[in-house]
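Let's take a walk through this structure together, one stop at a time. Have a look at it below, and then we'll get going.

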Amino acid sequence: MAPSKVLAGARVVLPTGIVHDGRVIIDGPVIADAGAPGTRPAGVPGAVPADTPVTDLSGHWVVPGFVDIHNHGGGGASFTSGTAEDVLRGIHTHRLHGTTTVVASTVTGDMHGLAERAGMLSELAEQGDIAGIHFEGPFISPCRKGAHSEELLRDPDPADVRKLLDAARGRASMVTLAPELPGGLDSVRLLAEHGVIAAIGHTDATYEQTKAAIDAGATVATHLFNAMPGLGHRAPGPIAALLEDERITVELINDGTHLHPASLELAFHHAGSGRVAFITDAMDAAGFGDGRYMLGPLEVEVADGVARLVEGGSIAGSTLTLDRAFQRAVTVDRLPVEDVVAAISANPARLLGAYDRVGSLEPGKAADLVVLDADFALKGVMRGGEWVVDPQLG
Ligand SMILES: [Zn+2]
């Protein structure tokens with residue numbers, strides 16, 4: 001099959017490093033080749049016929065499409081309460097900001113409502129609109145509830161965890177729970193057995209309890225630092241246990257509100273770029289605007305892009321999109337571009353077991369990519385070989 005598009009002249013970020021004046025060849029919905037120009041001489045299979053349209057991206061970066069494993073909505077739509085149409089609108093909003101793979105996160109609700117929601121979201125997963133479902137709550141600690149309704153929280157009884165997995169019909173990607181609660185470790189084991197990510201979060205666990213949960217099979221820290229005890233000199237708590245263990249990937253919300261830049265640097269320093277996943281934890285207002293919103297049953301006021309509960313003032317998710325997280329990571333946090341690409345695309349794709357299809361620019365993978373200008377502002381988004389944001393129109 002002849003290639004359908006060629007992107008030329010950009011700095012292309014590959015798993016092996018940055019290629020200057022690189023080229024990405026798209027063949028329908030997949031990447032046919034990515035790398036230096038002229039790697040395939042004319043006449044050999046994979047050579048590009050002269051009439052293939054070439055997009056000149058000189059002065060730009062081409063990076064893999066972003067993968068968000070923790071996202072509650074956007075574009076004015078909630079993944080927890082909206083209709084299927086609303087959910088699709090939220091997904092589209094995040095696509096416009098470079099997120100080509102998204103896991104839909106729910107917030108705490110009653111078991112019946114969550115099971116119903118799981119059924120609806122599982123259909124969107126089957127259609128390929130979302131990569132899976134993340135249940136954040138109800139199995140979390142009342143001490144660290146954040147923007148979750150206290151009266152609907154419950155202990156992580158494995159039978160209840162099982163109910164949600166069944167309702168999700170094999171499309172559950174991750175469950176966030178507090179492992180110190182009764183049934184916590186058994187639930188972690190159950191999730192691990194079913195190939196679902198057990199994520200430690202909204203937790204009051206000690207260092208030792210966190211270690212036990214990791215030994216039981218937990219592999220992710222839900223927004224490290226947020227909704228968990230801080231580092232203490234005699235009580236190192238969950239943060240130390242999660243950062244030091246090679247089996248854990250830590251989620252970070254890099255919006256400048258949830259984390260001090262020094263905390264982000266500490267996480268990168270200890271976990272290394274291979275164990276960090278940037279997430280948005282976005283709510284409805286992401287890509288939409290300030291105003292009043294509902295997060296599950298709770299009312300949220302968004303002012304200057306910061307979402308807080310009307311009652312109590314807890315931070316209630318973010319209005320972040322991953323293009324801003326990327327730009328901030330390079331320009332404010334001064335992280336190397338390759339490390340940011342690892343944290344925003346490759347690592348989360350690996351966690352989802354989807355790295356054979358997405359998460360890097362390699363032949364045979366989905367043609368999901370993002371075009372950034374020299375200041376790391378988003379200029380183009382391609383998903384499955386089609387422009388969602390065309391860099392030539394921007
Ligand atoms: Zn969340």
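Leu231 has 15 C-beta neighbours inside 10 Å, so Leu231 counts as partly exposed (20 or more would make a residue buried, 12 or fewer exposed, and partly exposed is in between, with C-beta atoms placed from the backbone). You'll find Leu231 in the loop between strand 13 (220-221) and helix 6 (237-244); helices (H or I, at least four residues) and strands (E, at least two) are DSSP runs, numbered from the N terminus. The C-alpha atoms of Leu231 and Tyr207 are 9.6 Å apart, with their positions 24 residues apart along the chain.

A quick word on what you're looking at: this is a predicted model, where local features need pLDDT of at least 70, side-chain atom pairs count only at pLDDT 80 or more, and totals for chains, interfaces and linings use all residues. Residues are numbered from 1 along each chain as its sequence is written.

Now head over to helix 1 (residues 84-96). Its 13 residues reach 19 Å from first C-alpha to last, close to the 18 Å expected at 1.5 Å a residue (that is, 1.5 Å times one less than the number of residues). Val87, Gly90, Ile91, Thr93, His94 and Arg95 are buried in helix 1. Just after helix 1, Gly98 takes a positive phi of about 100°.

Last stop: helix 3 (residues 158-167) and helix 4 (residues 184-193). Their axes come within 9 Å and cross at roughly 30°, and the two helices are therefore roughly parallel to each other (angles under 35 degrees count as such). The contact is made by Pro158, Val161 and Arg162 of helix 3 and Asp186, Ser187, Leu190 and Leu191 of helix 4, where contact puts C-beta atoms, placed from the backbone, within 7 Å.

How values were computed:
Axes fitted to C-alpha atoms, helices over the stretch in contact; angles between N-to-C directions. Parallel < 35°, antiparallel > 145°, perpendicular 65-115°, else oblique. Contact = placed C-beta atoms within 7 Å.
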